[in-house]
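The following exchange examines how several structural labels are justified. Each answer sets a computed value against the criterion that applies.

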Amino acid sequence: MDEAAFLDTCTRCNACVERCPEDVLVSADGGFPVFDPMRGECTFCGVCAEACAPRALNAATVTPAWHWKARVNDDACLTTRGVVCRCCEDACGDRAIGFLPRAGGVSTPTVHPDRCSGCGACISNCPTLAIALRPST
């Protein structure tokens with residue numbers, strides 16, 4: 001559901017936060033649950049949706065097809081400073097991050113949005129926090 005409907009439906013009971021086996025849901029501003037990829041990756045197991053009595057979360061919204069994709073902030077990425085780093089690629093089980101060769105320099109990461117599930121595995125693995133989840137467009 002869209003954000004407004006979620007905010008109207010969610011009772012802030014935190015059942016989803018308490019039951020998340022990956023411990024990646026946290027209670028945020030106003031007590032609403034949010035996904036915090038700095039805590040790890042979402043495996044899309046659906047336990048949060050099962051725990052949600054008011055159905056603010058449901059199986060249809062807890063899938064790898066959600067609308068968030070990884071984006072690399074080139075200014076913060078070590079590769080743009082000539083440092084070889086492939087932490088994001090190593091963490092990505094979807095193989096959504098690849099590296100493009102750069103003549104005379106270090107290969108730089110690129111995200112293949114069609115492969116990115118939005119799981120967040122790459123985010124906490126990045127030593128400079130150069131990756132974030134952003135709405136796909």
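A residue counts as buried when its relative accessible area is under 20%, as exposed when it is over 50%, and as partly exposed in between. The model discussed here is predicted.

Q: Why is Thr 79 called buried?
A: The relative accessible area of Thr 79 is 0%, and the limit for the buried class is under 20%; Thr 79 is therefore buried. Thr 79 is located in the loop that runs between strand S3 (68-72) and helix H4 (87-91). Leaving aside residues up to four places away in sequence, its contacts include Cys 85, Phe 99 and Arg 102.

Q: What makes Cys 13 partly exposed, and Cys 48 buried?
A: Cys 13 has a relative accessible area of 45%, which falls between the limits of 20% and 50%. Cys 48 stands at 13%, and a value under 20% means buried.

Q: How do you know that Cys 13 forms no disulfide bond?
A: A disulfide requires two cysteine sulfur atoms within 2.5 Å. The closest cysteine sulfur to that of Cys 13 belongs to Cys 16, at 6.4 Å, so the separation is too far for a bond. Cys 48 is likewise in no disulfide, with the sulfur of Cys 45 nearest at 6.3 Å. The count by this rule is 0 disulfides.

Q: Why is the aromatic pair of Phe 6 and Phe 32 called tilted?
A: The planes of the two rings are 50 degrees apart; stacked needs under 30 and edge-to-face over 60, so the remaining class, tilted, applies.

Q: What does the pair of Phe 6 and Phe 32 tie together?
A: Phe 6 belongs to helix H1 (residues 3-9), and Phe 32 to the loop between strand S1 (25-27) and strand S2 (33-35), so the pair ties together parts 26 residues apart in sequence. Both Phe 6 and Phe 32 are buried.

Note on methods. Residues are numbered from 1 along each chain as its sequence is written. This is a predicted model: local features need pLDDT of at least 70, side-chain atom pairs count only at pLDDT 80 or more; totals for chains, interfaces and linings use all residues. Side-chain values use heavy atoms; hydrogens and water are left out. Buried means under 20% relative accessible area, exposed over 50%, partly exposed in between (1.4 Å probe, protein chains only). Helices (H or I, at least four residues) and strands (E, at least two) are DSSP runs, numbered from the N terminus. Contact means heavy atoms within 4.5 Å. Rings of Phe, Tyr and Trp (its six-membered ring) pair if their centres lie within 6.5 Å; planes under 30 degrees apart count as stacked, over 60 as edge-to-face and the rest as tilted.
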